[in-house]
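User: Please take a close look at one part of this protein, one residue to begin with. Then work outwards, in short steps, and show me how that part fits into the rest.

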Amino acid sequence: MPNWCSTVYVITGEKNELEDFHRVLNELQGNPSRLENDFGSLWLGNLLDYYGFDWEQIECRGSIDEFSLETQDEHLRLYTETAWSAKHKVFEMIFDKYYPSLRFYYSDEELGSEIYETNDVEGVYFPDRYIVDICIEEGGNAHYFKEYYSSLKSAIEGTNELLSLDAPDLPALKQALEDRGIVFSIIEIQVNDENKDG
């Protein structure tokens, strides 16, 4: 059984291309699966097949869980769950051939392989750069906290506030958490300078 990678995409481009891609997603969602699979009608292989690509030649194990066209901000938001890693190639191939104005920004997380990535260099859609993951055990119960922050400074400040600490920097924060017996990880999100166009 694979580890599952959760990816959020924000797709931007010309309105008519966004609307057409959204129409295709609605059409796939509203009909029986084009091909037999374990993921349902929004399996990425169905999407590839719809556009005439051979799904057996492209890694497409996973599906679109949710999507919405956000007309006010003129972008399409997709949520996918895929095996092991994000499947950006699926969207790159479709956009390159059918929707030349579309580009995507993404944020993906795969806990097992510790993949935490975005290509949103400017932080327009995905401004978070750090994740603080904390487990506190009290009276035999575990309490989990997972918070996202746009900078290391805000991660330190937020964790201080959450746990009533006063650590001035990352080494002091780590020491304070260890002294309290708190299980934690502070994860830096990797920023990849890439998008559909480059």
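Analyst: Thr-12 is in strand S1. The model is a predicted one. Is Thr-12 buried or exposed? Its relative accessibility is 12%. Buried means under 20%, so Thr-12 counts as buried.

Next, look at what surrounds Thr-12. Leaving out residues up to four places away in sequence, Thr-12 touches Leu-18, Glu-74, His-75, Ser-101, Leu-102, Arg-103, Tyr-105 and Tyr-125. Find each of them in the structure.

Now move along the strand. Thr-7 also lies in strand S1. Thr-7 has 1% relative accessibility, so this residue is buried too. Which residues does Thr-7 contact, beyond its neighbours within four places in sequence? They are Leu-78, Tyr-79, Thr-80, Ala-86, His-88, Tyr-106, Ser-107 and Asp-108.

The strand also takes part in something bigger. The largest nonpolar core has 30 residues. Ile-11, Phe-21, Leu-47, Phe-91 and Ile-94 are the members that touch the most others. Strand S1 (4-12) is one of the elements that supply at least two residues each. The others on that list are helix H1 (15-29), helix H2 (44-50), strand S2 (62-70), strand S3 (75-83), helix H3 (88-98) and strand S4 (103-110). H1 gives the largest share, with 5 residues. There is a general tendency behind such groupings: in soluble globular proteins, nonpolar side chains tend to be buried together.

Take Phe-21 as a way into this core. Setting aside neighbours within four places in sequence, Phe-21 contacts Ile-11, Leu-47, Tyr-51, Leu-76, Leu-78, Phe-91, Ile-94, Phe-95, Tyr-99 and Leu-102. Some names recur. Leu-102 is also among the contacts of Thr-12, and Leu-78 is among those of Thr-7.

A second core, of 14 residues, lies apart from the largest one. Its members include Leu-165, Ala-167, Leu-173 and Leu-177. Keep Leu-173 in mind for later.

S1 has another role. Along with S4 and strand S5 (115-118), S1 gives two or more residues to the lining of the largest pocket. The volume of this pocket is about 200 Å³. It is lined by 15 residues, and those closest to its centre are Ser-107, Glu-109, Phe-126, Asp-128 and Tyr-148. Ser-107 is also one of the contacts of Thr-7. What classes of residue make up the lining? There are 7 nonpolar, 4 polar and 4 charged residues.

Two loops deserve a stop. Trp-84 is in the loop between S3 and H3. Its phi is positive, near 75°, and Trp-84 is not a glycine. With a relative accessible area of 44%, Trp-84 is partly exposed. Glu-114 is in the loop between S4 and S5. Glu-114 also has a positive phi, about 55°, without being a glycine. Glu-114 is exposed, at 63% relative accessibility.

Now compare a helix. H4 covers residues 152-163, which makes 12 residues. At 1.5 Å a residue, its expected span is 16 Å, and its end C-alpha atoms are 16 Å apart, so the two values agree. The buried residues of H4 are Ala-155, Ile-156, Gly-158, Thr-159, Asn-160 and Leu-163. One general point helps when you read such a list: an α-helix has 3.6 residues a turn, so residues three or four places apart point the same way. The buried residues of H4 pack against strand S6 (130-138), strand S7 (141-149) and helix H5 (170-179). After H4 comes Ser-164, with a positive phi near 55°.

Thr-159, in helix H4, makes a useful partner to the threonines of S1. Thr-159 is buried, at 1% relative accessible area. Beyond neighbours within four places in sequence, Thr-159 contacts Val-132, Ile-134, Tyr-149 and Leu-173. Leu-173 belongs to the second core. Val-132 is 27 residues from Thr-159 in sequence, yet their C-alpha atoms are 7.7 Å apart.

Finally, step back to the whole protein. How many helices and strands are there? The protein has 5 helices and 9 strands. From the N terminus, they run β-α-α-β-β-α-β-β-β-β-α-α-β-β. Of the 198 residues, 42% are buried. Among contacts with a separation of 6 or more, 55% join residues 24 or more positions apart. The C-alpha atoms fill a box of roughly 60 × 35 × 25 Å along the principal axes.

Conventions
Residues numbered from 1 in each chain as written. Predicted model: local features only at pLDDT ≥ 70, side-chain atom pairs only at ≥ 80, totals over all residues. Heavy atoms only, no water. Core = buried A, V, L, I, M, F, W, Y, C linked by side-chain atoms within 4.5 Å. Buried < 20%, exposed > 50% of the residue type's maximum accessible area, 1.4 Å probe, protein only. Helix = DSSP H or I, 4+ residues; strand = E, 2+ residues; numbered from the N terminus. Contact = heavy atoms within 4.5 Å. Expected span 1.5 Å × (residues − 1). 1 Å grid on protein atoms, 1.4 Å probe; cavity = no way out; pocket = protein on both sides within 12 Å on 5 of 7 lines; lining within 4 Å. Points joined across faces, edges and corners; volume = space filled by probe spheres on them. Nonpolar A, V, L, I, M, F, W, Y, C, P; charged D, E, K, R; others polar.
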